[in-house]
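Thank you all for coming. Today I would like to walk slowly through one structure, and I ask you to keep the sequence and the picture in view while I talk.

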Amino acid sequence: MMNMVIAMRCKWTNRRLQRYIDMDPAAKLSETEVTRVRAHLAECERCSTSVADYKKMNSAMRWLGESKAPDE
């Protein structure tokens, strides 16, 4: 039963992770949602790892976007 509760929390959190990471004002999470996401991330290693992976991916994409073509 406990695994099912944890799985449901993970599912709820995962649906909000990208919005949580981006903090996009157009798709803003409520304060209650942010609090729930943070509380879940504090106790769930799998979801915390997902956040770290998303942040690395976003950073790499920003870096690639800033890269310039080599001089001719």
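**A walk through the helices**

Let me begin with a single residue, T13, which is buried, with a relative accessible area of 1%. Please keep in mind, as we go on, that this is a predicted model. T13 is found in helix α1, which covers residues 2–14, and, if we leave aside its neighbours within four places in sequence, T13 is in contact with V37, H40 and L41.

Now let us step back to the chain as a whole. Its secondary structure comes to four helices and zero strands, so that, reading along the sequence, we meet the pattern α-α-α-α. Of the 72 residues of the chain, 24% count as buried. If we take the contacts in the chain with a separation of 6 or more, 57% of them are accounted for by residues 24 or more positions apart.

With that background, we can turn to helix α3. This helix runs over residues 31–43, which makes 13 residues, and from its first C-alpha to its last it reaches 19 Å, close to the 18 Å expected at 1.5 Å a residue. Which residues of α3 are buried? They are E33, V34, V37, H40 and L41. Seen down the axis of α3, these buried residues fall within an arc of 130 degrees, so they line one face of the helix. For those of you who are new to helices, it may help to recall that an α-helix has 3.6 residues a turn, so residues three or four places apart point the same way. The face of α3 turned away from the buried side carries the exposed residues E31, T32, T35, A42 and E43.

One residue of that buried set deserves a little more time. H40 counts as buried, at 5% relative accessibility, and, when neighbours within four places in sequence are left aside, H40 is in contact with I6, R9, C10, T13 and C47.

Let us go on to helix α4. At 1.5 Å a residue, the 22 residues of α4 should span 32 Å, and the end C-alpha atoms of this helix are 32 Å apart, which agrees. In α4 the buried residues are C47, V51 and N58. They cover an arc of only 55 degrees around the axis, which puts them on the same side of α4. On the face turned away from that buried side we find the exposed residues E45, R46, K56, W63 and L64.

The next topic is the nonpolar core. The largest one has 12 residues in all, namely C10, W12, L17, Y20, I21, L29, V34, V37, L41, C44, C47 and V51. Each of α1, α2, α3 and α4 supplies at least two residues of this core. As general background, in soluble globular proteins, nonpolar side chains tend to be buried together. To take one member of the core, Y20 touches L29, V34, V37, R38 and L41, not counting residues up to four places away in sequence.

Since there are cysteines in that list, somebody may well ask about bonds between them. How many disulfides does the count give? The count comes to zero. C10 is in no disulfide, and the nearest cysteine sulfur, that of C44, is 3.7 Å away, which is too far for a bond, given a cut-off of 2.5 Å between the sulfur atoms. Both partners are out of the way of solvent by our criterion, in that C10 is buried at a relative accessible area of 4% and C44 counts as buried at 10%.

Finally, let us look at the charged pairs, for the structure holds two salt bridges. In one of them the side chains of R9 and E43 meet at 3.6 Å, N to O. This pair links distant parts of the chain, with R9 in helix α1 and E43 in helix α3, 34 residues apart. R9 counts as partly exposed, at 39% relative accessibility, while E43 is exposed, with a relative accessible area of 54%.

E33 also forms a salt bridge, here with R16, and the closest N and O atoms are 3.1 Å apart. Are these two residues buried or exposed? E33 counts as buried, at 17% relative accessibility, and R16 is buried too, with a relative accessible area of 13%.

That is where I will stop, and I am happy to take questions.

Methods. Residues are numbered from 1 along each chain as its sequence is written. This is a predicted model: local features need pLDDT of at least 70, side-chain atom pairs count only at pLDDT 80 or more; totals for chains, interfaces and linings use all residues. Side-chain values use heavy atoms; hydrogens and water are left out. The expected span of a helix is 1.5 Å times one less than its number of residues. Buried means under 20% relative accessible area, exposed over 50%, partly exposed in between (1.4 Å probe, protein chains only). The arc is that of the directions from the helix axis to the C-beta atoms. Contact means heavy atoms within 4.5 Å. A salt bridge is a side-chain nitrogen of Lys or Arg within 4 Å of a carboxyl oxygen of Asp or Glu. A nonpolar core is a set of buried Ala, Val, Leu, Ile, Met, Phe, Trp, Tyr and Cys residues joined through side-chain atoms within 4.5 Å.
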